[in-house]
Amino acid sequence: MLRNPSYKYFLLILGAPVNIAVLLFHISRRKNDIYHTLLEETRLELLESGYMGQLVEETREQLLKKQQFFRQNASAEQTEREAHKIAKARFQEELTESTNRKLLLNGQQRLSYAETFASCIQSRAFLLLSFIPGIFMYLLILLYSSPYMKYVFERLLMSLFVIMGVSVLVFTILHLSPMNPAANILGETATEDQIANFNRIYGLDQSYLSQLWNNIKGIATFDLGKSFAGNEQVTATIARKFPITFTLTMISLLMSMIIAIPVGIISAMKRNSFWDYTFMFIALIGLSIPSFWQGLIFILNFSIKLHWLPATYNPQNWLSIIMPTIVLGTGLTASVARMTRSSTLEVINEDYMITAKAKGLSKRQVLWKHAVRNAMIPIITVIGLQFGGMLGGSAVTEKVFNISGIGSYIVDKQFIPDIPSIMGGVVYTAITISLINVIIDILYAFFDPRIRTRMKQY
């Protein structure tokens, strides 16, 4: 951990009292460290042998040849100073290497701070005494010792920076926007005093940096304030609208996986057949259909003409979620089916598939144990990206079927612009997509042992 700059300073800061005590003990032990004695002996040997003068002479000749070749004009004093500087660095490298070789020949090692810390931590008394002042440091060490926990922790930490970066960018764009929230909400008949009072109440009369700091502080404390329109708590509003968006997304995802993965596998195993052409043609249509047009066609046929399904969403009627689910899942189903087909086609022609067949495995074992498992990485990527986008809010589908979800909420608020509500939607979307990406990376390791190995090395 001390060799890793990303963790070194956190380790030293979180365990500052413990590190100070260990450092003092390390300084006292260094007095008896043979490394410094060998270092001084080696230095004297190299100086007595004239190695330093030899390095200066060689470096001077090389510099003169270089200057002559490139036709550079340099004074003798500059050349001599540069030669001594380079020779000193080379002398130090040779001194360190020679000293380390002597230590290896003697079967000894240089006493480092990490070795002193390791020897101290092996003592139960030291561990008990240092546990309370160094509890955060020990938690960090425990986290670092597990490659999977370390990987997830690092990705979550990176997600925090992404969320903050996106929030600052979106707030800056809203601040520079020519739209006036007070005038849009209060209407054309609003007086200048009313607009000024509105800006004062919501802090819009403050400087850019003050407003930005208040927004970042609100994001950190999950207190996004009240919306300009409706005066509602933004956090509570998003929490209230999240369940329907999540339900709609999950049903669409399950429907897509149940249909798309078998269709893609069948198309790959029966390549260039009637089934392959039929399935891929349907998938191409599914990718090409605009969701708003598909939703309107569904409403026209199944609601207005046939009276089978309700045209708008009603929480009390489970039939009202069927059409939004199908519309939302159509594009995902088509994307996953095409990716499953192409990924499976790449896998079934690999050498290990031929080996599995030569061993006498049945077609089902070869397909599910070797082909599908190894083809899942790009499929998971497509599913994860599409799922994160849908969970972030499918505004078009929600608008068509009058669903009061996250997507329609963000769209409604951006035309005011309702800055607290938009920032809440942005933070929610950033958190959602970041968490989905972490889950995707974990699934990579579950399906591919090579990725697990790299995570351990990382």
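**Pockets and helix packing**

Good morning, everyone. The lining of the second largest pocket is made up of twelve nonpolar residues, two polar ones and one charged one. Before I go on, please keep in mind that this is a predicted model.

Let me stay with that pocket for a moment. The second largest pocket holds about 360 Å³ of space. It is lined by 15 residues, and those closest to its centre are Met1, Leu2, Leu11, Ala114 and Phe117. Where do they come from in the fold? Helix 1 (5-14), helix 6 (113-121) and helix 8 (135-145) are the elements that give two or more residues to the lining of this second largest pocket. Which of them contributes the largest share of the lining? That is helix 6, with five residues.

Two of those lining helices, helix 1 and helix 8, also form a pair of their own, so to speak. A word on how we describe such pairs: two packed helices are characterised by the angle between their axes and by the distance between those axes. For helix 1 and helix 8, the axes come within 8 Å and cross at roughly 150°. Are the two roughly parallel or roughly antiparallel? An angle over 145 degrees counts as roughly antiparallel, and helix 1 and helix 8 are therefore roughly antiparallel to each other. Their crossing is left-handed.

Now for the largest pocket. Its volume is about 460 Å³, and 22 residues line it. If you would like to find it on the screen, look for Tyr202, Asn214, Asn215, Leu224 and Pro420, which lie nearest its centre. The elements that give two or more residues to the lining here are helix 12 (208-220) and helix 21 (419-447). Helix 12 gives the most, with six residues. And what is the chemical mix of the lining? In the largest pocket there are ten nonpolar, nine polar and three charged residues. For the second largest pocket, to put the two side by side, the split was twelve nonpolar, two polar and one charged.

Helix 21 takes us from pockets to packing, as it also has a helix partner. Helix 9, residues 147-176, packs with helix 21 at an angle of about 155°, and the two axes are 9 Å apart. That angle makes helix 9 roughly antiparallel to helix 21. Helix 9 passes helix 21 in a right-handed crossing. The contact between helix 9 and helix 21 has 18 nonpolar, four polar and two charged residues.

One more pair, if you will bear with me. The axes of helix 13 (234-269) and helix 16 (322-348) come within 7 Å and cross at roughly 35°. Helix 13 passes helix 16 in a right-handed crossing. By class, the contact of helix 13 with helix 16 has 19 nonpolar residues, ten polar ones and one charged one.

Next, some backbone geometry. Most residues other than glycine have a negative phi. Which residues go the other way here? Asn272 has a positive phi of about 60°, although it is not a glycine. It is found in the loop between helix 13 and helix 14 (274-288). Is Asn272 buried or exposed? Its relative accessibility is 51%, and the cut-off for exposed is over 50%, so Asn272 counts as exposed. His307 is another non-glycine residue with a positive phi of about 60°. You will find His307 in the loop between helix 15 (291-305) and helix 16. His307 is exposed, with a relative accessible area of 62%.

Finally, a couple of distances to help you get your bearings. Asn197 sits in helix 11, residues 192-201, and is partly exposed at a relative accessible area of 33%. Asn197 and Trp308 are 111 residues apart in sequence, and their C-alpha atoms are 52 Å apart in space. Lys399 has its place in helix 19, residues 395-400, and counts as partly exposed at 42% relative accessibility. How far apart are Lys399 and Pro417? They are separated by 18 residues in sequence and by 18 Å from C-alpha to C-alpha.

That is my tour. Thank you for listening.

Definitions and conventions. Residues are numbered from 1 along each chain as its sequence is written. This is a predicted model: local features need pLDDT of at least 70, side-chain atom pairs count only at pLDDT 80 or more; totals for chains, interfaces and linings use all residues. Side-chain values use heavy atoms; hydrogens and water are left out. On a 1 Å grid over the protein atoms alone, a cavity is a set of points where a 1.4 Å probe fits but cannot get out, and a pocket is an open set with protein on both sides within 12 Å along at least five of seven lines; lining residues have an atom within 4 Å of a point. Grid points are joined across faces, edges and corners, and a volume is the space filled by probe spheres set on the points. Helices (H or I, at least four residues) and strands (E, at least two) are DSSP runs, numbered from the N terminus. Ala, Val, Leu, Ile, Met, Phe, Trp, Tyr, Cys and Pro count as nonpolar, Asp, Glu, Lys and Arg as charged, and the others, Gly among them, as polar. Axes are lines fitted to C-alpha atoms, for helices over the stretch in contact, and angles run from 0 to 180 degrees between N-to-C directions. Angles under 35 degrees count as roughly parallel, over 145 as roughly antiparallel, 65 to 115 as roughly perpendicular and the rest as oblique. A crossing is left-handed if the near helix is turned anticlockwise from the far one by less than a right angle, and right-handed if clockwise. Buried means under 20% relative accessible area, exposed over 50%, partly exposed in between (1.4 Å probe, protein chains only).
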